[in-house]
Amino acid sequence: MLIKIAILDSDIDYLERLSGVLQQYDELFVAVFSRKEALEQALEQNTFQIVLFHPDVSEKPISFPDGIMPICLCDEETKNRKNYPTMAVIQKFQRISSIYKEIFKCYAAFADDSGMDFFQKGTATAIAVYSPIGGSGKTTIALAIARKLCGMNKRVLFLSTEQFNSSALHFQVKEEGITRLVEALNGNTSFHLTLKGILKENEAGIFYVEGFGRLVDYDAVSSKEIKSVITQIRQCDVCDYMIIDTGSCIDELTKTVLETADKIVLVQRNNENADVKMKLFDEQIWVNEQKERMCVIKNFAEQNRKGYELMQLQTIGIVHNYGNILQNDLLNDIEQENSIQIGSLL
């Protein structure tokens, strides 16, 4: 199924440029019109879900059939915006990839998830990265796994469920991400379209949904809601793998994330304090119930120290202590040295 969009604007050059880019997105069908009369005739014969139009094409207000969402495409010189006071607005002349996302954000509030079968194809694998040890380099390992998969031409989505998002260096937090998806679950907004509208991509080609920016937002999300968010994302054909960077405290939300994931990567740091924590972690009944999905990556590894051994768990990576270097340099070194056996994880 395609979302059919009609675009009305008297600027022919802009119409061609806008439609040419939007047509590259598989889920969109785009038809363009430069005259109000031509659009109205097409609306009688075709079923469009969205009409993106410049208000100045007509001095008189345009009426739209029921079931169609009109969106004003405005610039700073638009005169007739006042004719459509309650309609959604998208800023003209911005980056077209941003217009694409804005279209989905607007339409998500208008449509529900019925008839959105083209989003229901995915079966993404969820990999949670966890450590009970503070300062273990858990986020770095999660990023390294994501980059490794991305380098294998896999579609990768990075999701941080930490209280304080330490991956913000690589995935900027500018607006609500997880919180917005939770609101979509609990309201009349389409989850799939909301996800399409907020999904971002960083310089490495990794997709991401922005994590929590405020502690109050973290506290407001229930374990049931975070499980639903992960499950729904997996079903929306936007990624092959979800890498979930978790918090170090096993509260109800983190426990639910770990229970929902297909695989759990346990990050171990070898020093005396870390050994004590890892031993206590290893002795928990709940932990033993999850072990069939767990594997270990040893971080900050020292050749002259063995450290606590987690029995029954496969070690899929040994990352040496690189010292105090920049994060991007560290990730490049991990990737070049093939420190993580990604095949064993998959």
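Reader: Is Lys 105 buried or exposed?
Author: This is a predicted model. In it, Lys 105 has a relative accessible area of 18%. The cut-off for burial is under 20%. Therefore Lys 105 counts as buried.

Reader: In which helix is Lys 105 found?
Author: One helix covers residues 96–108. Its buried residues include Lys 105, along with Phe 104 and Cys 106. Lys 105 is found in helix H3.

Reader: What does Lys 105 touch, leaving out residues up to four places away in sequence?
Author: Lys 105 is buried, and its contacts come from other parts of the chain. Two of them, Gly 197 and Ile 198, are buried residues of H6. The full set is Glu 175, Arg 180, Gly 197 and Ile 198.

Reader: How many Å apart in space are Lys 105 and Leu 193, C-alpha to C-alpha?
Author: In sequence, 88 residues separate the pair. Lys 105 sits in H3, while Leu 193 is a buried residue of H6. Their C-alpha atoms are 6.7 Å apart.

Reader: What span does H3 reach from its first C-alpha to its last?
Author: H3 has 13 residues. At 1.5 Å a residue, the expected value is 18 Å. The model comes close to that, with a reach of 18 Å.

Reader: How many residues of H6 are buried?
Author: H6 runs over residues 191–198. Its buried residues include Phe 191, His 192, Thr 194 and Lys 196. The helix is mostly covered, and the buried count out of eight is eight.

Reader: Which elements do the buried residues of H6 pack against?
Author: The partners include both helices and strands. H3 is one of the helices, in keeping with the contacts from Lys 105 to Gly 197 and Ile 198. The list is E1 (3–8), H3, H5 (178–186), E8 (200–201), E9 (207–209) and H8 (223–235).

Reader: Which residues have the most contacts inside the largest nonpolar core?
Author: Nonpolar side chains tend to be buried together in soluble globular proteins. Here the largest such core has 43 residues. One of its two leading members, Leu 195, belongs to H6. The two are Leu 195 and Val 209.

Reader: Which residues does Val 209 touch, not counting residues up to four places away in sequence?
Author: Val 209 lies in strand E9 (207–209), one of the elements that H6 packs against. Its contacts include Leu 195 and Ile 198, both buried in H6. The set is Leu 157, Phe 158, Leu 159, Gly 177, Ile 178, Leu 181, Leu 195, Ile 198 and Leu 199.

Reader: How many residues are in the other core that lies apart from the largest one?
Author: This other core has Ile 127 and Leu 149 among its members. Cys 295 and Ile 297 also belong to it. Its count is 28 residues.

Reader: Where does Asn 153 lie, given its positive phi?
Author: Asn 153 is not a glycine, yet its phi is near 65 degrees. It is exposed, with a relative accessible area of 72%. Its place is the loop between H4 (138–151) and E7 (156–160).

Reader: What is the relative accessible area of Asn 338?
Author: Asn 338 also has a positive phi, about 55 degrees. It lies in the loop between H12 (327–336) and H13 (342–345). Asn 338 is partly exposed, at 42%.

Note on methods
Residues numbered from 1 in each chain as written. Predicted model: local features only at pLDDT ≥ 70, side-chain atom pairs only at ≥ 80, totals over all residues. Heavy atoms only, no water. Core = buried A, V, L, I, M, F, W, Y, C linked by side-chain atoms within 4.5 Å. Buried < 20%, exposed > 50% of the residue type's maximum accessible area, 1.4 Å probe, protein only. Contact = heavy atoms within 4.5 Å. Helix = DSSP H or I, 4+ residues; strand = E, 2+ residues; numbered from the N terminus. Expected span 1.5 Å × (residues − 1).
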